[in-house]
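Visitor: I'd like to learn how to read a structure like this one, feature by feature. Could you walk me through it?

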There are 2 protein chains.
Amino acid sequence: MSGEQVQEKVFNEKDQHLDEETLFVVSQTFKALSDPTRIRILNFLCTGEHSVTDIAETLNLSQSSVSHQLRFLKNLRLVKFRREGTTLYYSEDDDHVMNLLKQAIDHAEHH
Amino acid sequence: MSGEQVQEKVFNEKDQHLDEETLFVVSQTFKALSDPTRIRILNFLCTGEHSVTDIAETLNLSQSSVSHQLRFLKNLRLVKFRREGTTLYYSEDDDHVMNLLKQAIDHAEHH
DNA sequence: TCTATATATGAGCATATAATTATATATTAA
DNA sequence: TTAATATATAATTATATGCTCATATATAGA
């Protein structure tokens, strides 16, 4: 009986059970999008690549705070950067996640 | 000069600037989806309505923990419930957010 | 009314998170 | 090599978060 239930769950796995890795990836992804500062940074990067200083000044944030959040986003491969001299230009690096963000913003703005 | 910049931002608002309320709503929405327990609960509710006890047993969580998280989700109107005797049956109440969750799960599962 | 069952809630605790401050690193130019 | 600029990082602090334990509330039945 209990054996059957377990078996049944295995068969239903596709559309119901979440394995640990999926759970981790999904929660991390949404965690990245759950902080107002990171949302503002990602939303700003929608307009193209920007340096750390540019991001900090435009969004009225400290350089350190922006750098910390960019590291967070870079670890999740949501942003990437290229160097030009001492300046690092950051830009989006995950279309899927940016799409989720845009959907949520759109939905929030149109109630 | 500084006046022009401000003005320019007002005109670009549609596709770039996020007002505080939008920022708050978006971050709250993603915060709801950023916790593994809440993800599991919402994902389970994809299969239909379930009582608190059912959710707790199926997902191997304490009754209290489930109840707390359901209150969180109910405050954001992501779930609703109906009563039948002493039993409360919870179910999804926000198609848009459930859709965001499904997209993220789908994407994570298919790498 | 008393009891049992189902759920909600409050308090406390441990951990996570985000900002700040100070400092370190890296690149370029003089 | 020194100075200037841009960025990264470490340590600290304050707050947020999620769980557990204990208890409260609500409904139904005896």
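Guide: Here is a walk through the fold, the symmetry, the salt bridges, the backbone and a charged patch.

Guide: First, the ground rules: this is a predicted model, where local features need pLDDT of at least 70 and side-chain atom pairs count only at pLDDT 80 or more, while totals for chains, interfaces and linings use all residues. Residues are numbered from 1 along each chain as its sequence is written, chains are lettered from A and ligands numbered from 1 in the order in which they are written, and side-chain values use heavy atoms, with hydrogens and water left out.

Visitor: How many helices and strands are there in chain A?

Guide: Helices (H or I, at least four residues) and strands (E, at least two) are DSSP runs, numbered from the N terminus. Chain A has six helices and three strands, and from the N terminus they come in the order α-α-α-β-α-α-β-β-α.

Visitor: What share of chain A counts as buried?

Guide: Buried means under 20% relative accessible area, exposed means over 50%, and partly exposed is in between (1.4 Å probe, protein chains only). Chain A has 111 residues, and 39% of them count as buried.

Visitor: Which rotation superposes chain B on chain A?

Guide: Copies are superposed by least squares on the C-alpha atoms of residues with pLDDT of at least 70 in both. Here a rotation of 180° with 0.0 Å of shift along its axis does the job, at an RMSD of 0.0 Å. The two copies are therefore related as by a two-fold rotation axis. In chain B, the C-alpha nearest that axis belongs to B:Phe30, 2.7 Å away from it.

Visitor: How many salt bridges does the structure hold over all chains?

Guide: Side chains of opposite charge can pair when their charged atoms come close. The rule used is a side-chain nitrogen of Lys or Arg within 4 Å of a carboxyl oxygen of Asp or Glu. Over all chains there are four. In one of them, A:Arg82 pairs with A:Glu49, with the closest N and O atoms 2.5 Å apart. A:Arg82 sits in strand S2 (residues 79-84) of chain A and A:Glu49 in the loop between helix H3 (36-45) and strand S1 (50-51) of chain A, so the pair ties together parts 33 residues apart in sequence.

Visitor: Which residue forms a salt bridge with A:Glu84?

Guide: That's A:Arg82, with the closest N and O atoms 2.7 Å apart. A:Glu84 is partly exposed at 43% relative accessible area. Over in chain B, B:Glu49 and B:Arg82 also meet in a salt bridge, at 2.5 Å from N to O.

Visitor: What is the phi of B:Asn60 near?

Guide: Most residues other than glycine have a negative phi, and most peptide bonds are trans. B:Asn60 has a positive phi near 60°. B:Asn60 is in the loop between helix H4 (52-59) and helix H5 (63-75) of chain B, and is exposed at 71% relative accessible area. B:Arg77 also isn't a glycine, and its phi is positive, about 60°. B:Arg77 lies in the loop between H5 and strand S2 (79-84) of chain B.

Visitor: Which residues form the negative surface patch?

Guide: Patch residues have over 30% relative accessible area and no salt bridge, with like charges joined within 9 Å and nonpolar side chains (Val, Leu, Ile, Met, Phe, Trp, Tyr) within 5 Å. Asp and Glu count as negative. The patch is formed by A:Asp19, A:Glu20, A:Glu21, B:Asp106 and B:Glu109. Helix H2 (20-32) of chain A and helix H6 (95-109) of chain B each give two or more residues to the patch.

Key. Areas by Shrake-Rupley, 256 points an atom, 1.4 Å probe, with all protein chains shown as cover. Charge placed at Lys NZ, Arg CZ, Asp CG, Glu CD.
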